Structures are given as C-alpha cells and as structure tokens.
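Here are my notes after a pass through this one, in the order I'd talk them over with you. Have a look at the model first, then read on.

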Amino acid sequence: MPEGLDTVFFHDRIVSNSERFHKRKGERVKKGSKMNSSTYSVKDITKTAMMAAITFIGIYTVKIPSLHGYSHMGDCMIFLSVLILGTRKGALAGGIGAALSDLLGGYMHWVIPTFIIKYIMATVMGLFIDKIMPNRKGNWLIGSIVGGIVQIILYTVFKVFLFDWAYAIGGVP
C-alpha cells in the first residue's frame, strides 16, 4: 500500500497513520487485538456491509403500499442484524441499508431521517438485549417491539417537521 494514504491494513485491522506512529518502536500488535475501540476488522466491515445489503433487499424488493408510504420486510432484517452483529454494528447496517433503499427508491427527503430513525430503533432493541434485560428470555422480542414503537413515534415527529400535524397524525397506524 502506498505511503501517502491515510490508513493502512495491519494484521486484518484498519489502522490510521497517527495510531501507527504513536506506537513505540519495535512494539508489535497481537493478532486479534484492537488498538482502540474505533478500529474494526475487515471481517466486521464485511459483515456490516452484507447485513446492510440484506436490509436494502428486504426493503427495496417487496413493498406493500399504504396511504402514507409502504410496508416492507426491512425492519425484520434490521432486527436480525442486531442479533447477529450486536448493537452498534447492527444499527449501522440497518440504518445504511434503509437509507440506501430510500435513496434509490426515489424518497430523497427521507434518506437522513430514515437513517437516524432505523439506527435509533436498532439501538433500542440492542439496549434491551444487552443492558435492560440481559438475562431474560425473550428480551429480543420485547426489544424489537419497543424499537418498533419508537420508530412509529420518530417517523411521526419527522412527518410533522417535513409536512404538517394533520398529515403526521393521519399516518399513525
């Protein structure tokens, strides 16, 4: 890899040049260890991208039209990505996949709100799994239900800012 690039691959990890030069001379990084919490392995990035693509396919291919938008299988894929990848990576994959679907589907005004809303929805589910009810059976189900309710509330709030109160309240299921 050329020297002028900002990042280098080091033992299956992406490491910035500033992190690489802050290490003491002669110090080696053990395989599988993380230099800090913001470095991801190539496998992590690939899994996140694959789940984002699966989320995109779940939203983009089967759309069931409704009065104020459409229903789809993408939220199931987002919940699945949280179960497979964990809270942060699953939320990122879900947000990216859903935002890409809106971008390519012609809903440009929904790209950023969709990313934010789906990220928060997945994070709520992950919090129920990891923090609020970690040792309880069915925590993923309760987390997904609460995440879905949070999604409905947040979409209604964004509709108020994008359109009007009457339109926003009229679209609440």
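1. **The pocket, starting with its walls.** Keep in mind that this is a predicted model. Helix α6 is the top contributor to the lining of the largest pocket, giving 5 residues. Strand β4 (69–71) and helices α4 (87–105), α5 (111–132) and α6 (139–162) each put in at least two. The pocket holds about 680 Å³ of space.

2. **Who sits at the centre, and what the lining is made of.** Which residues lie nearest the centre of the largest pocket? They are His68, Gly69, Tyr70, Tyr155 and Lys159, out of 24 lining residues. By class, the lining splits into 11 nonpolar, 9 polar and 4 charged residues. If you plan to look at the pocket by eye, those five central residues are a handy place to put the camera.

3. **The overall layout.** The chain comes to 7 helices and 4 strands. In sequence order the pattern reads β-β-α-α-β-β-α-α-α-α-α. There are 173 residues, and 35% of them count as buried. As for contacts with a separation of 6 or more, 52% are between residues 24 or more positions apart.

4. **Helix α4.** This helix has 19 residues and spans 27 Å from first C-alpha to last, close to the 27 Å expected at 1.5 Å a residue. Its buried residues are Thr87, Gly90, Ala91, Ala93, Gly94, Gly95, Gly97, Ala98, Ala99, Ser101 and Asp102. They pack against α2 (42–60), β4, α3 (74–85) and α5. Just past the end of α4, Gly106 takes a positive phi of about 95°.

5. **How α2 meets α4.** Two residues are worth clicking on here. Thr55 lies in α2 and, with a relative accessibility of 0%, it counts as buried because the cut-off is under 20%. Leaving aside residues up to four places away in sequence, Thr55 touches Ala93, Gly94, Gly97 and Ala98, along with Gly74, Met77 and Ile78. Phe56, also placed in α2, is buried at 18%. With the same sequence neighbours left out, Phe56 touches Gly97, Leu100, Ser101 and Leu104. The C-alpha atoms of Phe56 and Asp102 are 9.0 Å apart, although 46 residues separate the two along the chain.

6. **The aromatic pairs.** How many aromatic pairs does the model have? The count comes to 6. Take Trp110 and Phe163: their ring centres are 6.3 Å apart and their planes meet at 45°, so this pair is tilted. Trp110 is in the loop between α4 and α5, while Phe163 is in the loop between α6 and α7 (165–170), so the pair ties together parts 53 residues apart in sequence.

7. **Burial around that pair, and the cluster.** Is Trp110 buried or exposed? At 11% relative accessibility, Trp110 counts as buried. Phe163 is partly exposed, at 41%. Ring pairs also link Trp110, Tyr155, Phe163 and Tyr167 into a cluster. Tyr155 is worth a second look: besides belonging to that cluster, Tyr155 is among the residues nearest the centre of the largest pocket.

8. **α6 against α5.** Asn139 is found in α6 and is buried, with a relative accessible area of 10%. Not counting residues up to four places away, Asn139 touches Phe128, Ile129, Met133 and Pro134. Val146 also has its place in α6, but is partly exposed at 26%. With that same exclusion, Val146 touches Val124 and Phe128. The C-alpha atoms of Val146 and Met125 are separated by 7.1 Å, with the two residues 21 apart along the chain. Phe128 therefore turns up in both contact lists, because Asn139 and Val146 each have heavy atoms within 4.5 Å of Phe128.

Definitions and conventions:
Residues are numbered from 1 along each chain as its sequence is written. This is a predicted model: local features need pLDDT of at least 70, side-chain atom pairs count only at pLDDT 80 or more; totals for chains, interfaces and linings use all residues. Side-chain values use heavy atoms; hydrogens and water are left out. On a 1 Å grid over the protein atoms alone, a cavity is a set of points where a 1.4 Å probe fits but cannot get out, and a pocket is an open set with protein on both sides within 12 Å along at least five of seven lines; lining residues have an atom within 4 Å of a point. Grid points are joined across faces, edges and corners, and a volume is the space filled by probe spheres set on the points. Ala, Val, Leu, Ile, Met, Phe, Trp, Tyr, Cys and Pro count as nonpolar, Asp, Glu, Lys and Arg as charged, and the others, Gly among them, as polar. The expected span of a helix is 1.5 Å times one less than its number of residues. Buried means under 20% relative accessible area, exposed over 50%, partly exposed in between (1.4 Å probe, protein chains only). Rings of Phe, Tyr and Trp (its six-membered ring) pair if their centres lie within 6.5 Å; planes under 30 degrees apart count as stacked, over 60 as edge-to-face and the rest as tilted.
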